[in-house]
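Trainee: Before I rely on the labels attached to this structure, could we go through how each one is earned?
Mentor: Yes, let us set each value beside its cut-off and then conclude.

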Amino acid sequence: MTADRPPAELKLTVLRMFPFAAPNISLGALGIVVFVSLPPYFSGHLGVPMSVIGVVWMLVRLLDVPVDVLLALGMDRTRTPIGRYRPWLIVGAPILMAGLYMLFMAPSGFDGIYLFVWLAALYLGNSIVSLAHQAWAASLTRHYHERSRIFGVINAVGVAGVMAAMAVLIGGPAFHLSNAQAVRDSGWFIILAVPFGVAVAALTTPERLAPDQARAQPPLKDYFEILAKPDLLRLFLVSIALTLGPGWMAAIYLFFFEASRGFSGQEAYILLAVYILAGIPGAFATAALARRVGKHRTLMVTTTAFSLGLFSIFIVPKGDIALYVPMMFFEGVMASGFGMMVQAMLADVGDEIRLRQGRQRMSLVFAVNTLASKIAAAGAIGLTFPLLQALGFNPAEGAVNTPAAIHNLDMAFLIGPIVFVMAGGACVIGWRLDAARHGEIRAALEVRDAEDELAAALAATLARPPLDPEIVTP
């Protein structure tokens with residue numbers, strides 16, 4: 001096996017990847033619609049104070065931080081007749097659906113306790129489904145470049161899910177729906193997509209359980225060793241930065257494009273759809289670039305280009321949607337590579353840990369990533385909403401803001417994302433786990449796995465009872 005090309009039997013086919021990626025229809029749509037539409041819907045239409053939304057949202061995300069690690073410990077120890085990750089994927093679906101329903105169908109003027117309870121349910125279900133799906137994806141292939149490919153397909157399917165939800169938001173006025181009703185209808189789409197995606201993946205995708213070396217129950221120091229691993233700590237910081245940057249933008253996106261750039265709500269959603277749709281060609285372009293220059297260099301290229309491109313928002317004339325389309329498309333192409341490169345690099349680190357410790361820790365590795373994303377997501381809304389309120393911005397429908405408030409909104413939209421995205425790219429400077437090093441790790445794992453499987457087969461043979469000599473034919 002060469003370091004840059006997988007053997008035919010390990011190569012994932014499109015017919016296998018797309019059904020497996022189906023859960024990301026709802027997960028991808030959830031990530032955008034919940035961040036972009038729900039907070040303004042709560043504050044502008046349901047009359048919930050921005051400070052309540054920001055504080056409760058941040059509190060839930062911070063309290064949710066240790067959940068992923070606990071889930072990961074359970075997943076990595078799970079061995080059932082239907083697999084390690086499949087049962088978790090199935091269990092998480094109804095929890096996620098309940099949280100989505102109670103938030104998108106929330107009553108007017110609900111209090112902070114209501115928001116806390118159902119937001120916690122949503123994020124618990126999301127943690128179970130997304131963590132199981134990501135860890136399962138990493139185990140589908142052993143090859144360095146194939147991981148870029150599978151996560152590229154997953155991201156592309158997520159973009160398709162987002163576009164479907166966005167079509168509901170954009171097309172609402174054509175069906176004489178208010179913005180509030182369109183938000184609720186997009187919620188119904190996500191709710192129904194959850195069981196569909198989970199069922200397709202669970203019923204069509206075989207799960208391969210990596211063999212564990214025979215040993216006592218894993219010591220606690222193994223987990224501390226993982227959490228203290230320098231490469232994993234670096235990717236933890238990368239995940240925080242690359243979630244907080246775009247998340248910061250998403251939290252105040254509608255405020256910015258309506259109040260500052262002069263677009264209607266429908267036009268703002270159209271531009272957001274362009275940004276998201278660009279993620280499909282962007283995912284495949286990023287995967288192709290990663291094959292040439294490596295994952296970490298691809299991440300540095302895309303973060304730099306994204307940050308530079310963000311300045312063009314303030315160069316293009318306000319209200320000119322035709323000129324904003326190419327700018328938003330470019331930004332979407334660059335942003336599409338953030339998550340998929342981090343996920344693919346995490347899978348490589350997971351292989352290195354399994355070689356060292358002799359046990360599958362992929363769930364724990366990805367839990368570190370989701371933990372970072374939760375911290376960053378808490379900051380995205382928990383910081384921006386109270387900040388805008390303190391700076392005098394009024395989010396109410398039909399409100400007229402002062403020039404000073406609009407200026408503060410502009411600076412918040414520009415400075416935060418650029419600082420965090422550039423920091424995320426800088427974190428992978430000098431990354432050493434490249435294709436060559438990963439090839440060495442995979443070769444060592446395959447040798448050890450083959451030896452373990454041979455030993456298990458020999459032990460099973462020796463454990464069989466001897467044949468009765470009276471029934472043995474000559």
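The conversation below starts with the chain as a whole and then turns to helices, salt bridges and buried residues.

Trainee: What kind of model is this, and how many helices and strands does the chain have?
Mentor: The model is predicted, and the secondary structure of the chain comes to 19 helices and 0 strands. Of its 474 residues, 55% count as buried, and among contacts between residues at least 6 apart in sequence, 85% join residues at least 24 apart.

Trainee: How do you know that the span of helix H16 agrees with its number of residues?
Mentor: Helix H16 runs over residues 321–357, and at 1.5 Å a residue its 37 residues should span 54 Å; the C-alpha atoms at its ends are 54 Å apart, so the two values agree. The residue that follows H16 is glycine 358, which has a positive phi near 80°.

Trainee: What about helix H13, how far does it reach?
Mentor: Helix H13, residues 265–277, has 13 residues and reaches 18 Å from its first C-alpha to its last, close to the 18 Å expected at 1.5 Å a residue. Its buried residues include Gly265, Ala268, Tyr269 and Leu271.

Trainee: What makes H16 mostly covered?
Mentor: The count does, since 27 of the 37 residues in H16 are buried, and buried means under 20% relative accessible area.

Trainee: How is the packing of H16 against helix H17 described?
Mentor: Two packed helices are described by the angle between their axes and the distance between the axes. For H16 and H17 (residues 362–390), the axes come within 9 Å and cross at roughly 140°, and the crossing is right-handed. On the H16 side the contact is made by Val342, Gln343, Leu346, Ala347, Gly350, Asp351 and Ile353, and on the H17 side by Met362, Val365, Phe366 and Asn369. These residues divide into 7 nonpolar, 3 polar and 1 charged.

Trainee: Why is the pair of lysine 229 and glutamate 352 called a salt bridge?
Mentor: A salt bridge needs a side-chain nitrogen of Lys or Arg within 4 Å of a carboxyl oxygen of Asp or Glu; the side chains of lysine 229 and glutamate 352 meet at 3.0 Å, N to O, so the pair qualifies. The two partners come from distant parts of the chain, 123 residues apart, with lysine 229 in the loop between helix H10 (220–227) and helix H11 (230–251) and glutamate 352 in helix H16. By this rule the count comes to 5 salt bridges.

Trainee: Are lysine 229 and glutamate 352 buried or exposed?
Mentor: Lysine 229 has 19% relative accessibility and therefore counts as buried, and glutamate 352 is buried because its relative accessible area is 15%.

Trainee: What makes arginine 437 a salt-bridge partner of glutamate 352?
Mentor: Their side chains meet at 3.8 Å, N to O, which is within 4 Å, so this pair also satisfies the rule. Arginine 437 lies in helix H19 (residues 435–463), and it is 85 residues apart from glutamate 352 in helix H16. With a relative accessible area of 32%, arginine 437 is partly exposed, because that label covers values between 20% and 50%. Through shared partners, salt bridges join Lys229, Glu352, Arg437 and Glu440 into one network.

Trainee: How do you know that lysine 295 and aspartate 348 are buried?
Mentor: Lysine 295 has a relative accessible area of 1%, and aspartate 348 likewise has 1%; the cut-off is under 20%, so both count as buried. Their side chains meet in a salt bridge at 2.6 Å, N to O. That pair links helix H15 (residues 295–310), which holds lysine 295, to helix H16, which holds aspartate 348, across 53 residues.

Trainee: Why is arginine 86 called buried, and what does it touch?
Mentor: Arginine 86, found in helix H6 (residues 86–104), has a relative accessible area of 12% and is therefore buried. Leaving out residues up to four places away in sequence, arginine 86 touches Trp136, Ala201, Ala202, Thr205, Pro206 and Glu207.

Trainee: And why does leucine 140 count as buried?
Mentor: Leucine 140, found in helix H7 (residues 112–140), counts as buried because its relative accessibility is 12%. Leucine 140 and threonine 205 are 65 residues apart in sequence and 9.3 Å apart in space, C-alpha to C-alpha.

Terms used:
Residues are numbered from 1 along each chain as its sequence is written. This is a predicted model: local features need pLDDT of at least 70, side-chain atom pairs count only at pLDDT 80 or more; totals for chains, interfaces and linings use all residues. Side-chain values use heavy atoms; hydrogens and water are left out. Helices (H or I, at least four residues) and strands (E, at least two) are DSSP runs, numbered from the N terminus. The expected span of a helix is 1.5 Å times one less than its number of residues. Buried means under 20% relative accessible area, exposed over 50%, partly exposed in between (1.4 Å probe, protein chains only). Axes are lines fitted to C-alpha atoms, for helices over the stretch in contact, and angles run from 0 to 180 degrees between N-to-C directions. A crossing is left-handed if the near helix is turned anticlockwise from the far one by less than a right angle, and right-handed if clockwise. Contact means heavy atoms within 4.5 Å. Ala, Val, Leu, Ile, Met, Phe, Trp, Tyr, Cys and Pro count as nonpolar, Asp, Glu, Lys and Arg as charged, and the others, Gly among them, as polar.
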